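Student: I would like a close look at one part of the interior of this structure. Please treat the residues there one by one and then turn to any enclosed space.

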Amino acid sequence: MDDVKSAVIGPPVARRDYTPVLRWLIVTVLVAIGLLTLWQLGFLGSVLESDHTRISLLIFAIFVITSLHCLVQAIDVSRELIAARQARTAIEAEGSSGFRLAGSNVLTGAGTLLAPGVLTTHVGNLVRKAEIRGQGRLDQTLLLRSVADKLRSREKIGLFVSEGLLRLALLGTAIGFILMLIPIAGLSSFDAETLRGALSGMTGGMAVALNVTVAGIGTALILKFQYFQLDGAIGELFSSIAEVSEIYVVPAIERSHDGRA
């Protein structure tokens, strides 16, 4: 059993890099338990039944799809963390001899192939830049900024959707209040039977307003927390790239191009 786990996940040192996926699973399991409890208590069913606008159903569907997107990004970032760790090990061991390109691959001066990933791509871009500009100081500020933008783009859709869910909640609230006012506007008399029907309509409108608001705010908060965890993993990956490139890669490339290798 341990051999199977090692083959699927990797060695123990690599399993820590799957922390973003583990955090997503923990949050999702807790949310699933909470939704199952609400369903058993009948609250979730009453929310979907009383919402004639079906906005709350749309909110839940968008939430599920975006949460799965967060999982895919968490898996991808975990793999990038593993690749960055492997590349860093090779760079720390042999990177002082410089780097060279072999097609789309990046090798150390000793011939060790760096694991494909964001860090290796960044090293390759630094090598290309140094070959074009020649001797002198190698500034990686713009390249690092480009790496940061690409990494942050993984979480932009989650932040956009979470804000969109809040807007849908406000839309549902407005529609609910409109539904509350329609029965009052249609009153032609004030006898008991007419008022009873108007109050029933107002209650339905209030249910729509409150249920959609709760659904939108709740799902938006969960998505924000999931992407907050993803942001932490992306920050760790970027910090590793910046640290390795600044300490090991840039000095080695400058030495090799200045003839000091």
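Tutor: In this predicted model, V123 has a relative accessible area of 0%, which means that V123 is buried, as the limit for that class is under 20%. V123 belongs to helix α6, which covers residues 118-133. Setting aside neighbours within four places in sequence, the contacts of V123 are I91, F99, V106, L114 and V249. A further pairing in space is that of V123 with V244: their C-alpha atoms are 9.5 Å apart, although 121 residues separate them in sequence.

A charged residue comes next. E80 is located in helix α5. E80 is buried and yet has no salt bridge. The nearest side chain of opposite charge is that of R154, 4.3 Å away, whereas a salt bridge requires a distance within 4 Å. R154 is nevertheless in contact with E80, as are G117, V118 and L237, again leaving aside neighbours within four places in sequence.

As for enclosed space, the model contains one cavity of 30 Å³ or more, with a volume of about 50 Å³. Its lining consists of P20, R23, W24, V27, C70, A74, Q226, Q229 and L230. The elements that each give two or more residues to this lining are α3 (19-40), α5 (55-94) and α8 (192-257). Helix α3 provides the largest share, four residues. Sorted by class, the lining has six nonpolar, two polar and one charged residues. Helix α5 thus appears twice in this account: E80 is placed in it, and it is one of the elements that line the cavity.

Definitions and conventions. Residues numbered from 1 in each chain as written. Predicted model: local features only at pLDDT ≥ 70, side-chain atom pairs only at ≥ 80, totals over all residues. Heavy atoms only, no water. 1 Å grid on protein atoms, 1.4 Å probe; cavity = no way out; pocket = protein on both sides within 12 Å on 5 of 7 lines; lining within 4 Å. Points joined across faces, edges and corners; volume = space filled by probe spheres on them. Nonpolar A, V, L, I, M, F, W, Y, C, P; charged D, E, K, R; others polar. Buried < 20%, exposed > 50% of the residue type's maximum accessible area, 1.4 Å probe, protein only. Lys, Arg positive; Asp, Glu negative; His and termini not counted. Contact = heavy atoms within 4.5 Å.
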